[in-house]
Amino acid sequence: MNLQNLWFVLVGVLWAGYFLLEGFDFGVGMLLPFLPRNESERTVMFESIGPVWDGNEVWLVVAGGATFAAFPAWYATMFSGFYIALLLVLVCLIVRVVSFEWRSKATDPRWRTFWTWANAVGSFGASLVWGVGLANLLNGVPINASGDFTGTFWDLFRPYTVVAGLAVVLVFAFHGASYLTLKTTGDFLERSMRTARRLSIPAALVAAAFLVWTVVVAVDRNDKSVFPPVLPAALGIAAMLLAVLFAARRRTGWAFAMTGLGAVLIVATLFTSLYPRVMVSSTDFSYSLTVSSTASAHYTLAVMSVVALVCTPLVLLYQGWTYHVFRQRISASPTAT
Amino acid sequence: MTVLVLASTVVDLARAQFATTSVYHFFFVPLTLGLGPIIVAFQTMWHRTGDEKWLRLTHFFGTLFLINFAIGVATGLVQEFQFGMNWSVYSRFVGNVFGAPLAIEGLASFFLESTFLGLWIFGWNRLSPRLHLATLWIAVLGSWMSAYFILVANSFMQDPVGYKLVNGEAHLTSVWALLSSTWALYAFGHTIFAGLTTGAAVVLGVSCWHFARGRNVEVFRSAAKVALIVLVPVSCVNLWFGSHFGIVVEELQPMKIAASEAQWQTCTHCPFSLFQIGGFSSSSPTPSFSIEIPGMLSYLATGSFSGQVQGLDNLNQAYAQQFGPGNYLPPVEVIYWAMRGMAYAGSLVALIAIIGAVLFWKRRLEKWRWFCWVAVAGTALPFLACAFGWFLTEMGRQPWIVQGLLQTAKANSPNVGTTWLALSLSVFVLLYIALLVADFWLMRRYAERDPKATDDHGATTAPAMGY
């Protein structure tokens, strides 16, 4: 495997890590207006992801940085082309990030309600746009011969990409509910399990539809054969079905593992379907951006590979340790407001 | 002609957006860089002495730190995205070189900073005190490392090194040359000192606010002492360091230095003007009024009172010969005042620090209320100095986006027009103003509180930082 392909895989891994980790904290955020019955339960939800959300979000920062460094032309076309979509993501992420630190800093109910909703809307909006955005890489957007996006914001919304957005939202919501079943106690735990069960079937169905459709789009618009994209797609569908089953049987740990696997396999299916292209052009297929046409030179990729080789194991180690430190369930305190 | 006007509007809007979002982001960055280590000092003191006042200060300033850290993180994401969103030509041109430190910043420092800060906020009762203290040390280390890597990236725009041009793109040839770039190392030192100055000035200002109102005097005396121990040397050293940085810039970007002095003709024994009226255009290069220090500009720019400083007109001609006809002058008047705004604000901070230290030493600080209010107002100065500093650095580089290699006017995203830009700029401005108002309200509220060792529910060592 040459370094260009290695970095294509690594960018995919970073997005997968982002979906796996931020996926559940987006899910918890989306459930904020619906699941908790009182302020102390809302606080439990915030605390359940409090120590980890920031580290989870860095996976996105690194995915962006790695794309910039390893595939400058891909980064340039994607980020300038998806301008308004990314503006929406940024607004969502900004209000969401701030809500974590600010919500608890005043007791006024209006202040708290505002930041609770800011987190929920931010989580929902960012999940939706990432789903739509990543699916557009494969579905194709207007890109001209010089590699510039020539479409409008509305070009990003096609039936397939909208389904992608919905699939990501539902999978994240299910993933977040599964996470809460591992972090809560008592009555709140019961309700979290019920919510996970309720979300499981729609999430699995829409995700399955999206994964099948992705393979079709890959064949149809990206000149791929059914294999290999069908492999991660099938595994993804299987993971989501197992998640439904585990959620129904109250096997919470396994359900969470399967929703996480589902989130990872959504990214894996998209990236497998994309390769060797990174952005399909709907203007003219030959204008599509490819791994080799957008990649940085060998030296940059080699330097980055060494850095990744040294840093990634360390990151996994200390992030894993964080999850270990904060593994306990959190009980809603009757005194806390 | 219309096309030309439109094109320049687009570039101007893109620049306005980048400037607004960067300067705003950099209100929170120096505070994080500087307040972090001071809180490390507080918690380390608590760990060593067991004196509860240090714990109270750790919680108190830790909460202020986190209120601001949130906006710093949120607005930092905008910066990473904006290169691609608004400057796609630039991104393709420099990605090979510029992307690497950005990606390394994420992998090597953001992960460290964010993960360990999470451990610190929520780890009070779950980690051993020693380990818990270590998490803060590591988080602060992460923030300093990220400052280094982002300044390495920025240095490539100021003084490109370690690259070669291949098919009209900059390709990295030596990562060591990039990481050890003189410009980057000076900028890093200057930024860290500026951060420490900002953090210490805020701690001093908040302490003085409590003195002025006669509250919590005992505990804030300790905070003020630590703040002054940092502030006096660092703010003074940074004045020297910043002026020394000027000598480096004179070699690498002489146009920036000439513009910051509105020096139109090459000169020796050049005077430094403290203040001038007029003299900001090539057609009328002589100011109608100015106060000058003889030989000072030569000293600041070259290290010798008789040194030669190149003039704007001469440089402009030389650039036209080298790069083809055109105007290579940055906006002189803005840069002249930005440089002075930075230097004067920085000097005032140093002055406040020295007076504060003398008063503290004589045990008068908490009694001289008028000075306490000066110190409170003085917290704005380092933020202003930072903003002016970035105006000087980035506008002084114009018309280049990468010095000598690519011009700003040719580097924006061709597909991002005025509509998208007007929309995004308005959204950012409105959102950022709202956040600033809320941040200021929260900061005031929390800075006014009495420092406590326990949270509102009486739990020991579980701080008010959590959710």
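This note goes through selected backbone features of chains A and B, one helix of chain A, and the contact between the two chains in a predicted model.

1. Two cis peptide bonds deserve a look when the backbone is inspected. In chain A, the bond that joins Tyr275(A) and Pro276(A) is cis, with an omega of about 5°. Pro276(A) sits in the loop that runs between helix H10 (252-274) and strand S1 (277-279) of chain A.

2. In chain B, a cis peptide bond joins Gln398(B) and Pro399(B), and its omega is likewise about 5°. Pro399(B) belongs to the loop between helix H13 (380-395) and strand S7 (400-402) of chain B.

3. Arg250(A) is not a glycine, yet its phi is positive, at about 60°. This residue is found in the loop between helix H9 (230-248) and H10 of chain A. Arg250(A) counts as partly exposed because it has 13 C-beta neighbours inside 10 Å, where a residue needs 20 or more to be called buried and 12 or fewer to be called exposed.

4. Ala262(B) also combines a positive phi, here about 50°, with not being a glycine. Its place is the loop between helix H8 (254-260) and strand S3 (267-268) of chain B. Ala262(B) has 24 other C-beta atoms within 10 Å and is therefore buried, the cut-off for that class being 20 or more.

5. Helix H10 of chain A can be checked for length against its residue count. Its 23 residues, taken at 1.5 Å a residue, should span 33 Å, and because the end C-alpha atoms of H10(A) are 33 Å apart, the expected and the modelled spans agree. As to its surroundings, H10(A) is mostly covered, since 20 of its 23 residues are buried.

6. The last point concerns the contact between the chains, to which chain A contributes 61 residues and chain B contributes 59 residues. On the side of chain A that touches chain B, at least two residues each come from helix H2 (39-49), helix H3 (53-70), helix H4 (72-81), helix H5 (83-102) and helix H12 (298-325) of chain A. Of the elements on this side, H5(A) gives the most, with 13 residues. Sorted by class, the side of chain A that touches chain B has 40 nonpolar residues, together with 15 polar and six charged ones.

Methods
Residues numbered from 1 in each chain as written. Chains lettered and ligands numbered in written order. Predicted model: local features only at pLDDT ≥ 70, side-chain atom pairs only at ≥ 80, totals over all residues. Helix = DSSP H or I, 4+ residues; strand = E, 2+ residues; numbered from the N terminus. Expected span 1.5 Å × (residues − 1). Contact = placed C-beta atoms within 7 Å. Nonpolar A, V, L, I, M, F, W, Y, C, P; charged D, E, K, R; others polar.
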